[in-house]
Amino acid sequence: MKLNLIRPLAFFDLETTGINVGSDRIVEIAILKAMPDGSELVKTLRVHPDMPIPLQSSLIHGIYDKDIADAPKFNEVAAEIAEFIGDADLAGYNSNRFDIPVLLEEFLRAGVDFDMTGRRFVDVQNVFHQMEQRTLRAAYKFYCDQDIINAHSAEADIKATYHVLLAQLDRYENVDFEDKQGNISQPVKNDVDALHAFTNMNKPVDFAGRMVFNENGEEVFNFGKHKNKTVEQVFDTEPSYYAWMKQGDFPLYTKKKLEEIWTRWNKKKELSRAAKMPATPRPAESAVPAKPKPAAAQPRPQQAAGQPAAPQPKKEKPAVNVTPDMLEQLKMKFGK
């Protein structure tokens, strides 16, 4: 089917350093510009993001730091991209929530006035999600071909959920699944361990998704200014972040898991400090010089009971020779 277009419709997709609209950067942009006459124009550019690409992002899109080492920065190609899109409307998959906001952030950083006035935006994901709803009612109809009686009552909903899982096990038995890295497996099996692994692919630490496990099994923050950093790394550089989260409006379970990591981190610090402190050896007793014993005091003669103390003999001064001067002083003193 040919698109009925009055003006061009530019389908575009971005590969980025992450999913934070405000801080992450573009590493690749691909644009397919569908023209009203049925022709198509395609432009693909890799871009140096001016920041390291996190490993977990590279594992998804396959672009590593070495691949964009010589690529131009976005501000060097921003005008070229804006000119290629021209006055086209924009389309993409989840583009309204991610690709368009990220692209606009990059244009603003580059000082390019990309006018959005009058453009139309077509998000293909929204067509999919609204036409193929992801509610329990829709899943029960899709997998079991039945309608839920008394929908939204707890018992009816849980029975429907149970039957949906049974139908999924039948439907996807021996069916291939390809993940974002291109790995192919058959993950939907009649095995709880396998179902747990498949339905927890994001590996949350706290279920609210504020912290997740990375590929090394380490807890990392999944939001804010420390996104993609390990929790312990943040504690090393900004320990006050722990107090901010504990006092903040976060789920109690998130705070509980955060406190567990904080306690573990503190124990590591204490062990590290103890390991660095040099042990003080006690000197051998033979090496310690013996202190000289004080001279024994001479015993005083014992005093008989009721008797006065015997007078101590006075020390005699040495004799001094009399000089004529001394005689004169005596004469003056006594007037003789």
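These exercises walk through a predicted protein model, each with a worked solution.

Residues are numbered from 1 along each chain as its sequence is written. In this predicted model, local features need pLDDT of at least 70, side-chain atom pairs count only at pLDDT 80 or more, totals for chains, interfaces and linings use all residues, and side-chain values use heavy atoms, with hydrogens and water left out.

**Exercise 1. Find the elements with the lowest and the highest mean pLDDT.**

Solution.
- Start with the term: pLDDT is the predictor's confidence in each residue, from 0 to 100.
- Take the whole protein next. The average pLDDT is 85, and 83% of the residues score at least 70.
- Now go by element. Helices (H or I, at least four residues) and strands (E, at least two) are DSSP runs, numbered from the N terminus.
- Helix α11 (residues 324-334) has the lowest mean, 61. Helix α2 (residues 74-85) has the highest, 97.
- Where pLDDT is low, the predicted coordinates should not be read in detail.

**Exercise 2. Describe the largest nonpolar core and name the element that gives the most to it.**

Solution.
- A nonpolar core is a set of buried Ala, Val, Leu, Ile, Met, Phe, Trp, Tyr and Cys residues joined through side-chain atoms within 4.5 Å. Buried means under 20% relative accessible area, exposed over 50%, partly exposed in between (1.4 Å probe, protein chains only).
- The largest core has 24 residues. Ile81, Ile85, Leu103 and Phe107 have the most contacts inside it.
- β1 (9-16), β2 (26-34), α2 and α3 (95-110) each supply at least two residues of this core.
- α2 gives the most, with seven residues.
- Another core lies apart from this one. That second core has 15 residues, including Phe223 and Ile261.

**Exercise 3. Place Phe114: is it buried or exposed, and what does it touch?**

Solution.
- Phe114 sits in the loop between α3 and β5 (121-123).
- Its relative accessible area is 10%, so Phe114 is buried.
- Contact means heavy atoms within 4.5 Å. Leaving out residues up to four places away in sequence, Phe114 touches Ala82, Ile85, Leu90, Leu104, Phe107 and Arg119.
- Phe107, counted the same way, touches Phe114 as well as Phe74, Ala78, Ile81, Ala82 and Val112.
- Phe114 and Ala78 are 36 residues apart in sequence, and their C-alpha atoms are 9.6 Å apart.

**Exercise 4. Trace the salt bridge between Glu232 and Arg264, then the one between Glu259 and Lys246.**

Solution.
- A salt bridge is a side-chain nitrogen of Lys or Arg within 4 Å of a carboxyl oxygen of Asp or Glu. The whole structure holds 16.
- Glu232 and Arg264 meet at 2.9 Å, N to O. Glu232 is in helix α8 (residues 231-237) and Arg264 in helix α10 (residues 252-276), 32 residues apart.
- Glu232 is buried at 19% relative accessible area. Arg264 is partly exposed at 32%.
- Glu219, Glu232, Arg264 and Lys268 are linked in a network of salt bridges.
- For Glu259 and Lys246, the closest N and O atoms are 3.0 Å apart. Glu259 lies in helix α10 and Lys246 in helix α9 (residues 240-247), so the pair ties together parts 13 residues apart in sequence.
- Glu259 is partly exposed at 37%. Lys246 is partly exposed at 27%.
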